[in-house]
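Work through the exercises below with the model open. Try each task before reading its solution.

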Protein chains: 2
Amino acid sequence: MDAGGGEQLSLAAVRDQLIREEDSIVFALIERAKRPRNAPAYSAAAGCGSVAEFFVREAQVLHAKAGHYQKPEDVPFLSQDLPPPVFPTKGYPKVLHPFASSVCVNDAIWKMYFNELLPLFTADGDDGNYAETVALDFACLQALSRRIHCGKYVAEVKFKDAPQDYSPPIRAKDNNALMNLLTFTAVEEKVKKRVEKKARIFGQNVTLEDSVGKPHGDTCDSHCKVDPKVLSKLYDIWVMPLTKDVEVEYLLRRLN
Amino acid sequence: MDAGGGEQLSLAAVRDQLIREEDSIVFALIERAKRPRNAPAYSAAAGCGSVAEFFVREAQVLHAKAGHYQKPEDVPFLSQDLPPPVFPTKGYPKVLHPFASSVCVNDAIWKMYFNELLPLFTADGDDGNYAETVALDFACLQALSRRIHCGKYVAEVKFKDAPQDYSPPIRAKDNNALMNLLTFTAVEEKVKKRVEKKARIFGQNVTLEDSVGKPHGDTCDSHCKVDPKVLSKLYDIWVMPLTKDVEVEYLLRRLN
């Protein structure tokens, strides 16, 4: 989180950040969809895991050396121990409870991405471009993970706004009550519609002939590089529920 | 190049590929524009170069191990020697003259990107997110480099279509005559307009309130995440001239 300025955190700033992350997720999926499924990139070679696992592990080491994974919304995949930064890093404002960094749902994101999501938006096929493919996967995973772990800030802001509402279920370790407090169906419906619209706009084939470049309607979704309905489904059954899992996990230890 | 199928290469297939690469370049610039300039990422630390140089060198090693840099349009920056792939790679159809891999204008792209382009589309400022910033720079550099080095295929297709036109200036080593043969002003104007339009469409802030999500007109370009005019300038004075440099360099040795 950078929005919000200094030690202050506002729901508006967190929401702006989440809305911007939507663009990153849509872009990353559209880029990955350039390549077909490329299944061999995901099957373990003798003794050394898959190209995807190799790439993610090594990329995380490199990003850590460059100074990444210092902020609570940036957590690595594959429960990896990472080296310290090679270069001096700038501190970031500590606005969350200290254990925020240990809240992580990346195992669930990893499984969801490779087992459920990838087949929904990539074409069958194998074009042999495995290195490029797994680099594009890594970009998708990072964008999804960051969006979902920004739930830590959402939870902190909501708690600060109404500690009297959140403290009793936190003390009672009542997951369901917390989940109910954190669920705003009308907001979630809006988010689903917006990401669907973003996929329609960002995934269109832009030509000079379009009179005003307006997005294709539902009848033309087959021309979009990623089916807009996949985005709305992704948010509906994975991104928003996982974000709320992060929020609940954060809140449950908020009073420790 | 993957379009074109097998050993066959057509100008239509190459153009489709170049048009798709435009989207990647626009997305990459929009993503980089999330962060301010972050100048400290580009100044050399004692003894070990800048964060940007460190990241690009190490990322290229990783990408090479994963199997990248096998195709003639994928060439590394910083004249780096790269390790062989760790995983088996698939061959690609050899449609170009064998020396195609050695044609490389990445030094010019590197200087253009950091010295000229970056200040045009990033805000002044330093938010400390250097690792993320240089990873986004690397994505921009890769997208630009791939687009520009696809000029090798453009040159090959054009040569094959009219060897009688190209062979005399090639034998005479007449750069200017080749440049004239490769220049189609009307096509270039169309490309500039299209990338500008893409920046306007992909860089808009999508909200549910927009009635049809049509792109902002020129009056609203200040709301775009990257100024659409920067894209048209990028193509006009750098991307298209550098692509033609690649084409000329390729053609000059085409008859060897």
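**Exercise 1.** Is A:Cys220 buried, partly exposed or exposed?

Solution. This is a predicted model, where local features need pLDDT of at least 70, side-chain atom pairs count only at pLDDT 80 or more, and totals for chains, interfaces and linings use all residues. Residues are numbered from 1 along each chain as its sequence is written, chains are lettered from A and ligands numbered from 1 in the order in which they are written, and side-chain values use heavy atoms, without hydrogens and water.
- Find A:Cys220 in the loop between α8 (185–202) and α9 of chain A.
- Take its relative accessible area: 23%.
- Apply the cut-offs: buried is under 20%, exposed is over 50%, and partly exposed is in between (1.4 Å probe, protein chains only).
- A:Cys220 is therefore partly exposed.

**Exercise 2.** Classify the packing of α4(A) against α9(A).

Solution.
- Helices are DSSP runs of H or I with at least four residues, numbered from the N terminus.
- Helix α4 of chain A covers residues 130–149, and helix α9 covers residues 228–252.
- They pack at about 50°, with axes 8 Å apart. Axes are lines fitted to C-alpha atoms over the stretch in contact, and angles run from 0 to 180 degrees between N-to-C directions.
- Angles under 35 degrees are roughly parallel, over 145 roughly antiparallel, 65 to 115 roughly perpendicular, and the rest oblique.
- So α4(A) is oblique to α9(A).
- Contact means heavy atoms within 4.5 Å. Among the residues that meet are A:Leu144 and A:Ile148 in α4(A), and A:Leu234 and A:Val239 in α9(A).

**Exercise 3.** What kind of aromatic pair do A:Phe55 and A:Phe138 form?

Solution.
- Two numbers describe a ring pair: the distance of the centres and the angle of the planes.
- Rings of Phe, Tyr and Trp (its six-membered ring) pair if their centres lie within 6.5 Å; planes under 30 degrees apart are stacked, over 60 edge-to-face, and the rest tilted.
- Here the centres are 6.2 Å apart and the planes stand at 70°, so the pair is edge-to-face.
- A:Phe55 sits in helix α2 (residues 51–66) and A:Phe138 in helix α4, 83 residues apart.
- Both A:Phe55 and A:Phe138 are buried.
- The structure holds 19 aromatic pairs over all chains.

**Exercise 4.** What relation links chain B to chain A?

Solution.
- Superpose the copies by least squares on the C-alpha atoms of residues with pLDDT of at least 70 in both.
- Chain B lies on chain A with an RMSD of 0.0 Å, after a turn of 180° and a shift of 0.0 Å along the axis.
- That is the relation of a two-fold axis.
- The same surface serves both copies: 100% of the contact residues of chain B recur in chain A.

Conventions:
Helix = DSSP H or I, 4+ residues; strand = E, 2+ residues; numbered from the N terminus.
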